[in-house]
Amino acid sequence: MEILSYQNSLEEVSFLSRYKRFFVDVKDSDGNLKTVHCANSGSMKSCLIENSKAYILDSKNSERKLQYSLELLYLEDGFACLNTSRANHFINELFSKIIANEKNEDIVKAGFPYDLFCQWDNFKKEVKFNSKTRFDFCLSAMEQKRKCWIEVKSVSLKLSEDTWAFPDAVTERGQKHLQELMLAKSNGDDSWLFFVLMRGSLIEPVILKNGFRIAHEIDPKYSKLLTHAKKIGVKIALIIPGISPSGFSLRKFYLLD
């Protein structure tokens, strides 16, 4: 069952290059060059393979400077979604179903822990935590002062044949989110960090789970903060969606130790 579907069909093209961070050149089936928008501020290390199969989405907005956006690349381990906002869209749709009490059999089989989230009946996105921070999502209940804060990170880095990791560059924003999640936990709230592995559609979920780690060699401070966050009770999950040009399903939910 697809949780998040593309409303418009994606166009298959060939990836050529990325530059100025948000610009990508592709070649369509007629051999025409197109410059499309890349909604990914990371390094995209391990993803930028020239002439790999790519998929772009038409915004249908003639006023946009770049009408198309890069969505997917097809790499050696399967489809990879390079539009980082899709991870949040996916989680938004997933929780919309859960809060609406749609206990779907496919979601249950994927290991989603309904028992950890069934106490909440309100779900909002982009919620202000304090004057400096907004978290991606907040769960709450009318009868409780306690809240549940969720931050989502899109994972696209492959370090080796059997290793996938986060982050792909030093992330000061990610460091701040970890510090704030720890603060929320110390205040008595629930805190969650969701790593959404947006690649690896050809790989079995258990292999992806066993091969996932924090890229301490890229951002040692983030690695240390995450270790401390786990110790004080911030919950960490690895979420593996099924990725295709039509949309996203839930393959597996893993609660990480």
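Let me begin with one pair of residues: Trp164 stands opposite Phe212 in E14, where E stands for a strand, a DSSP run of at least two residues, and H for a helix, a DSSP run (H or I) of at least four, both numbered from the N terminus. Before going further, I should say that this is a predicted model, in which local features need pLDDT of at least 70 and side-chain atom pairs count only at pLDDT 80 or more, while totals for chains, interfaces and linings use all residues. Residues are numbered from 1 along each chain as its sequence is written, and side-chain values use heavy atoms, with hydrogens and water left out.

Back to that pair. Strand E12, residues 163-166, runs parallel to E14 and is joined to E14 by 3 bridges; two strands are said to pair if DSSP finds at least two bridges between them. Both belong to an open sheet of 3 strands, ordered E11-E12-E14, with mixed pairing. At its edges are strand E11 (157-160) and strand E14 (212-214), each of which pairs on one side only. From one strand to the next, the twist averages 40°, where axes are lines fitted to C-alpha atoms, for helices over the stretch in contact, and angles run from 0 to 180 degrees between N-to-C directions.

Now to another sheet, which is open and has 7 strands in the order E1-E16-E15-E13-E10-E9-E8, again with mixed pairing. Strand E1 (2-5) and E8 each have a single partner strand, so one side of each is left without a neighbour in the sheet. Strand E8, residues 122-128, is antiparallel to E9 and joined to E9 by 6 bridges, with a hairpin of 5 residues connecting the two; within this pairing, Lys124 has Cys138 of E9 as its bridge partner. On E9's pairing with strand E10 (residues 148-155), the sense is antiparallel over 3 bridges, and Phe137 stands opposite Ile150 in E10.

Is E9 enclosed or open to the outside? Of the 7 residues in strand E9 (residues 134-140), 6 are buried, so the strand is largely enclosed by the rest of the structure; buried means under 20% relative accessible area, exposed over 50%, and partly exposed in between, with a 1.4 Å probe and protein chains only. Helix H4 (residues 172-186) lies across E9, E10 and strand E13 (190-197), and runs at about 155° to E10. Helix H6 (residues 220-231) also packs on the sheet, touching E10, E13 and strand E15 (235-244), with its direction at about 130° to that of E13.

Turning to the interior, the largest nonpolar core has 38 residues, and among those with the most contacts inside it are Ile91, Phe95, Phe112 and Ile150; such a core is a set of buried Ala, Val, Leu, Ile, Met, Phe, Trp, Tyr and Cys residues joined through side-chain atoms within 4.5 Å. H1 gives the most to this core, with 6 residues. A second, separate core of 28 residues includes Val127, Phe166, Leu178 and Leu256.

Finally, helix H1 (residues 85-99) also holds Arg86, which counts as buried at 14% relative accessibility. Leaving aside residues up to four places away in sequence, Arg86 touches several residues, including Tyr6, Glu71 and Phe248, where contact means heavy atoms within 4.5 Å.
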